[in-house]
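Hi everyone, thanks for coming. I'd like to take a few minutes to walk you through a structure that you probably haven't met yet.

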Amino acid sequence: MTTLPVGEREASAEAREARLAWRLVAPALTAILLVALFPLGWTVWESLYHHDLRMPWLGRPFVGAANYVEALSDPRFWGAMAHTLFFAAVTVSLELVLGCVLALAMNRAFRGRALVRAAVLVPWAIPTVVSALLWRFMFEGQAGIANALLTATGLTGPPPVWFIDATLAWVPVVLADVWKTTPFVALLLLAGLQNIDASIYEAARIDGASAWRQFRHITLPLLQPAILVALIFRTLDAFRVFDLIYVMTGGGPGTSTEPIALYTFTSLLQNLRFGYGSALSVIVFLVTFGLALGYIRFLGGGLAEERA
Amino acid sequence: MPRRGWATATLALLVLGSAFPFYWAIVSSFTPEARLFQRPSLLPTTLVLDHYRALFTERNFWVPIRNSLIVAGATTVICVTVGGLCAYALARLRFRGKGPLLTLILAVSVFPQISVVSPLYLLLRRLHLINTYPGLILPYLTFAMPLTVWLLVGFFRQLPAELEEAAMVDGASRLRALREVILPLALPGLAATAILTFVYSWNEFLFALSFTLGPERQTVPVAIALFRGQYQVPWGQILAAAIVATAPVALLVLAFQRRIVQGLTAGAVKG
């Protein structure tokens, strides 16, 4: 055994710990760099070339920003962006409001916890492809169960054919997404609710605050971090929507429900335009990144101030 | 109590709303094809096994099930072992660069899959890995590795630090403390993480659609999404396949529901 002065021994122990840490981190970090960051860089590089796999004789000439210029003047690109934003705005707001109601209910009820947890987890855990098919089946044709129930209420005239109408086709799409992900939002918000100290409510009750005032002035502000997390995760998820729409409408009728991820996929793997598709990929990435930063800036910033 | 009444009613609606599409799919998957769109009635009248039989004889649905098991299984094993070591270091060891690493991992876990499809396709094509198992497992690491690390950091942080310190005072090295003290305690967390990683990989669609060419390597979601009949959409078989694809993940999640909820919300809220 070597004897070192205490200070040096501590320093070397720290260095050893850091060395060990980097050795443990290295394999996972290498994997992430190789399969995620390196490809991301490659996408940017690829987007600067004209690269059409159907026309290999053209080679792969450098075209600078031409692919981006084409995207910005492509009406189908703007349509896809608009559909994506519309889908994200509608589903995320519905999911947050409904999720909040559900979380409040779950926080209050005492019976049937296991049943509720199952009802929450199972839709979230199944493949999106499956939920898309279940909902497509319910709205399929004129004689699906949705139309049967609608006719039974007697509110509508002739049952609509949902998937051939550019506007109506959104209804089952939005419903399927809300059905699958609201429970997850509720779960996140419930965790936030359970972190709130119950004595605050007691104090408010003694002061005679109404249920609404308690919700507005205690629950909502204290739930803000959980709401922010749910908002970020759900918006980013909604922005890259692909499976659901690919299976339910295929982006149709025409391209009227086509989101940006589906248009990018089509450009890449159906039209085999890798340069152009990569430019679209980069745009999707930048918008997602911007959304995440924006949220943290505007909502998270206020959050930090409140805590300080 | 009236105030609890609304909560119970809301939750009853939730359970009903969550369950109905499953109920309807299960009932329909046992209904003869000819009756599927004839006056749908909420209670089944004739039940047949035809669709399930056709699924496994005519469609050979075992092949996508095998593909999914291999791809999701391998992804899970790789991510939990490699990601587990990384998460341990991030949760329990002191070293410079830890903060930026955690941020990097979180950032990678939220970036859109579509933004790496093009280079991964070109790369896999050059390596002759399109339509192979490694050609799916490697791309799956892009989302599964950060997810696993993120969840496990949360689980490792919950373990009391004193135990490990006690083991090290006894003269055990860091790695031995990890193996003999931390690992057994972390097993439930590792199991929950493994299940979540498996479920995400089992459900994945975009990469599986992009990097396979034919039924011999298609995973379950891709196989179902691309089901075609000769003359019409074979809804009976599609629904039977949907039930078969859902059953394993639903059972796994239900069996471990407590831990999974803990892992998910701890990672997201306290992260």
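I'll go from the overall layout of one chain to the contact between the chains, and then to a few odd spots in the backbone.

One thing up front: what you're looking at is a predicted model. Let's begin with chain B. How many helices and strands does chain B have? Twelve helices and zero strands, so if you read the elements from the N terminus on, you just get α after α. Put a box around the C-alpha atoms of chain B, along the principal axes, and the box comes to roughly 75 × 65 × 30 Å. Chain B has 271 residues, and 48% of them count as buried. And if you take the contacts in chain B with a separation of 6 or more, 77% of them are between residues 24 or more positions apart.

Now two helices, starting with α4 of chain B, residues 98-110. That's 13 residues, reaching 19 Å from the first C-alpha to the last, close to the 18 Å expected at 1.5 Å a residue. Which residues of α4(B) are buried? They are B:Leu101, B:Ile105, B:Val108 and B:Ser109. Look down the axis of α4(B) and those buried residues fall within an arc of 100 degrees, so they line one face of the helix. Here's the background: an α-helix has 3.6 residues a turn, so residues three or four places apart point the same way. Over on the other side of α4(B), B:Gly99, B:Pro100 and B:Thr103 are exposed.

Compare that with α8 of chain B, residues 174-203. This helix has 30 residues, but its end C-alpha atoms are only 37 Å apart, short of the 44 Å a straight helix would reach at 1.5 Å a residue. Where does α8(B) bend? At B:Leu183, by about 55 degrees, and a proline, B:Pro184, follows within four residues.

On to the two chains together. The contact takes 75 residues from chain B and 78 residues from chain A. On the chain B side, helix α1, residues 2-29, gives the most, with 14 residues. That side of chain B divides into 56 nonpolar residues, 15 polar and four charged.

Then there's the largest nonpolar core, with 161 residues. The members that touch the most others are A:Leu133, A:Leu189, B:Cys86, B:Ile224 and B:Ala242. Helix α6 of chain B, residues 134-158, gives the most to this core, with 16 residues. To zoom in on A:Leu133: leaving aside its neighbours within four places in sequence, this leucine is in contact with A:Val247, B:Ile224, B:Ile238 and B:Ala242.

Last, the backbone oddities. Most residues other than glycine have a negative phi, and most peptide bonds are trans. In chain A, though, a cis peptide bond joins A:Gly252 and A:Pro253, with omega at about 0 degrees. A:Pro253 lies in the loop between α10 and α11 of chain A.

Phi of A:Leu272 is near 55 degrees, a positive value, and this leucine is in the loop between α11 and α12 of chain A. B:His128 also has a positive phi, near 55 degrees, and lies in the loop between α5 and α6 of chain B. Is B:His128 buried or exposed? Exposed, with 9 other C-beta atoms within 10 Å, while A:Leu272 is partly exposed, with 16.

That's the tour, thanks.

Terms used
Residues are numbered from 1 along each chain as its sequence is written. Chains are lettered from A and ligands numbered from 1 in the order in which they are written. This is a predicted model: local features need pLDDT of at least 70, side-chain atom pairs count only at pLDDT 80 or more; totals for chains, interfaces and linings use all residues. The expected span of a helix is 1.5 Å times one less than its number of residues. The bend at a residue is the angle between axes fitted to the seven residues ending there and the seven starting there. A residue is buried if 20 or more other C-beta atoms lie within 10 Å of its own, exposed if 12 or fewer, and partly exposed in between; C-beta atoms are placed from the backbone. The arc is that of the directions from the helix axis to the C-beta atoms. Two residues are in contact if their C-beta atoms, placed from the backbone, lie within 7 Å. Ala, Val, Leu, Ile, Met, Phe, Trp, Tyr, Cys and Pro count as nonpolar, Asp, Glu, Lys and Arg as charged, and the others, Gly among them, as polar. A nonpolar core is a set of buried Ala, Val, Leu, Ile, Met, Phe, Trp, Tyr and Cys residues joined through C-beta atoms within 7 Å.
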